[in-house]
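Thanks for coming, everyone. I have one structure to walk you through, and I'll keep it brisk. Here it is on the screen.

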Amino acid sequence: MKPQSLCRLLISAATIACAFPAMAQTSNSALEDVIIVTGKRTDIQTETTITPDSAPLQGGDVTYLTARTPGGARIGNGELSGQMQYRGLFGERLNLRVDGQRFASGGPNLMDPVYHYAPAPLVSSVVIDRGVSPVSKGPGLGGGADAIFKRIDYIDGAETSLGYDVMIGARSVNESVTAGGVIGAASDQWRFNLLIAYEEGGDTEFGDGVIGGTAFERAVYGLSAGVKTNVGEFSLDLRRQNTDPSGNPPFPMDIQYFDTDFARVGYDNDFGKIRLNANINYSDVAHLMDNFSLRPAPTPMRQRATFADATTIGGAVSLAFPSFGGEMSLGVEGQETDHDVTITNPNNQAFFVTPFPEIDMSRFGGFGEWNGDLGGLNTQVGLRIDHHDYSSGDAELGEALPMGPGNLAMAFNGAQRDGNDTTFDGVVKLWTDASNGLSWRATLAHKEQMPGYIQRYGWLPINASGGLADGNIYVGDLSLDKETAWIAEAGFDYASERAYLRPTVYIRSIDNYIQGTPFDDSVGVINSPVEMIANMNGDPTPLRWANVDARLVGFDFDAGYDFEGPLRIDGVVNYVRGKRRDIDDNLYRIAPPNVMLGLTYEQSVWSATFEGRAVADQNKVSDTNSERPTNGYVVFSAYGDWHIRDGVKLSAGVENVFDDIYEDHLSGYNRNGFGDVPIGERLPGAGRGVFVRLSIVR
Ligand SMILES: [Cu+2]
């Protein structure tokens, strides 16, 4: 099919009000889902100059947006700690990037998941790799996504031009403001922009009161610059993020701060038909969290403040050139990450312990990927190999700690803690040119993932699970194997003048899937030091990370129909089922089946949408993780857009119109004694509130 026609249809759909963001906007629509977050000029279509904001303002966390796409869901661990779930996988299993950069989160519970570092005011679009990520974008067990920042880009023509792309928004449900964007100037030879974002909010309200510990504050500032010279194009990105006290009700602690720096230098050049890309990148996370500042403080003896740091240094070089009638990309890439975590009691200097002491993980790999036409089929074939090394420092602890942890530390320090392994990824994607608006696609992939540092090195039984928030205490296993996934997906994209439909069915079979399993055979009998310590910390049945076997099966689609006249309807449907294959249990924290449906009334400069989201019961819960089922619910929202003039757009709406009280299955259980949600209850969704958002682009 002509990509143009699909894009035109989808963009005209998007212009209406964009109830539904999963509008493919590039000629690569078979490969990527693109979510446009804010107004941005697009060259695909000449008559409509602005692609508008795609969704109602639900907060600054872009995982609220990715949850609106086929296969998407949001793991809610805090207002600024949302994790993207995609087709049942989340956390470090997804290949997530911020403005093209991969880096390590700092928090041992992913209080700073990747998209903690992509505040919505700075994001021009989130590009989701449909299905699985190409090997050229790095390792990862399944899909991936990139939150691409706004930028004042090179222009055509000789003169210099000023540009900006800013937004300001407010929500009543948590009295929050969200503001930011980019401002700068560019010519055809150079570009420069500053970027700045600030977000602040109070506790979120729901039908029965407020949700304690949901206030937040985050600021980002930085710059992006580029220059084209005779010897190629150079680019520089620098950014600092300061997250101030922000609550995480499903965790035992809240964010006190994240002070995180990002830097990247890029180089691009063309040598005849060969295109060279290179970059070196760096990130550094400094984090403090505690259990007494944003929630009722425990006795001084039980107060904890935990410091966590993570540093990432990476680099990549790749070449792309015509080959066999298509394009071949070859690349090498390396990354080294360091993690260090220290738990302290601010009231007792003799109390400190390093549950993850100076962990060092490095990876060096290469890939080859070919994109082209193979026997009339659009084809992507990629292979990737990565070699991984890992090691850990010695666990240390202060004399205020009892003997139990001391013995575990001694055993840990005496064990073989370094090692290496190699992962192999292969991806084949095939899709047909559209004929009569119909394009078929299929993917086969083999993907591997190394165990995370929490899973391998957790020697001290504590509540660190990489963000699972299931309340369990975990210990690691030094002998964990890598995870291996076999993935098959098939579907089609259909678009006509009036309708579109893009369904996908998939299966992901994962060997050596790492999850918590009972610590030993005598569950509930406290007959080991680990169980003794876990019991003192409130969980007599700790879990140990182990390799199990899992399978995810599902289907999802988005679809829409443009009626005669000003009405149109858009929808997204998701179903995913996650099971253990080795025992009779379900995978933990899998999104319940859900449907989102929006009815839009569109005029030339304004539109209004009424949207309903229906979520089914989730009874397919994980016994191993003591996961509780949830009931289904339906929530409604209403919102509209007004294009005041070229480049200026106002959006406003009401979320949760009927102030329904509902439990979001993917939010954790409340552990914050402030507010009106009882401890141990699943956290409710936000209550009724209004939002406004003004976007200005030039
Ligand atoms: Cu933390």
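First, a term: contact here means heavy atoms within 4.5 Å. And please remember that this is a predicted model.

Let me use that term straight away, on Glu 336. Glu 336 sits in strand S20, which covers residues 326-345. What does Glu 336 touch, leaving out residues up to four places away in sequence? One set is Thr 311, Thr 312 and Ile 313. The other names are Asp 360, Met 361 and Ser 362. Is Glu 336 buried or exposed? Neither: its relative accessibility is 34%, so Glu 336 counts as partly exposed. One distance for the notebook. From the C-alpha of Glu 336 to the C-alpha of Pro 134 is 21 Å, and the two residues are 202 apart along the chain.

Now the metal. Which residues coordinate the copper ion? Met 111 does so through SD, His 287 through NE2 and Met 289 through SD. Those distances run from 2.0 to 2.4 Å. Look at the spacing in sequence: M-x175-H-x1-M. His 287 and Met 289 are both buried.

On to the helices. Two packed helices are described by the angle between their axes and the distance between the axes. Take H3, residues 403-414, and H5, residues 529-536. Their axes come within 10 Å and cross at roughly 135 degrees. That angle makes H3 oblique to H5. The crossing of H3 past H5 is left-handed. Who meets whom? From H3 we have Gly 404, Pro 405 and Leu 408; from H5, Pro 529, Val 530 and Ile 533. By type, the residues of this contact are 5 nonpolar, 1 polar and no charged.

Last topic: backbone angles. Most residues other than glycine have a negative phi. Here are two with a positive one. Ala 469 is not a glycine, yet its phi is about 55 degrees. Where is Ala 469 found? In the loop between helix H4 (453-457) and strand S25 (474-475). With 7% relative accessibility, Ala 469 counts as buried, because the cut-off for buried is under 20%.

Then Arg 589. Its phi is positive too, at about 60 degrees, and Arg 589 is not a glycine. This arginine lies in the loop between strand S29 (567-580) and strand S30 (594-602). Is Arg 589 buried or exposed? Arg 589 has 1% relative accessibility, so it counts as buried.

That's my tour. Over to you.

Terms used. Residues are numbered from 1 along each chain as its sequence is written. This is a predicted model: local features need pLDDT of at least 70, side-chain atom pairs count only at pLDDT 80 or more; totals for chains, interfaces and linings use all residues. Side-chain values use heavy atoms; hydrogens and water are left out. Donors are N, O and S atoms within 2.8 Å of the metal (3.2 Å for Na, K and Ca); water is not among the atoms, so sites may look incomplete. Buried means under 20% relative accessible area, exposed over 50%, partly exposed in between (1.4 Å probe, protein chains only). Axes are lines fitted to C-alpha atoms, for helices over the stretch in contact, and angles run from 0 to 180 degrees between N-to-C directions. Helices (H or I, at least four residues) and strands (E, at least two) are DSSP runs, numbered from the N terminus. Angles under 35 degrees count as roughly parallel, over 145 as roughly antiparallel, 65 to 115 as roughly perpendicular and the rest as oblique. A crossing is left-handed if the near helix is turned anticlockwise from the far one by less than a right angle, and right-handed if clockwise. Ala, Val, Leu, Ile, Met, Phe, Trp, Tyr, Cys and Pro count as nonpolar, Asp, Glu, Lys and Arg as charged, and the others, Gly among them, as polar.
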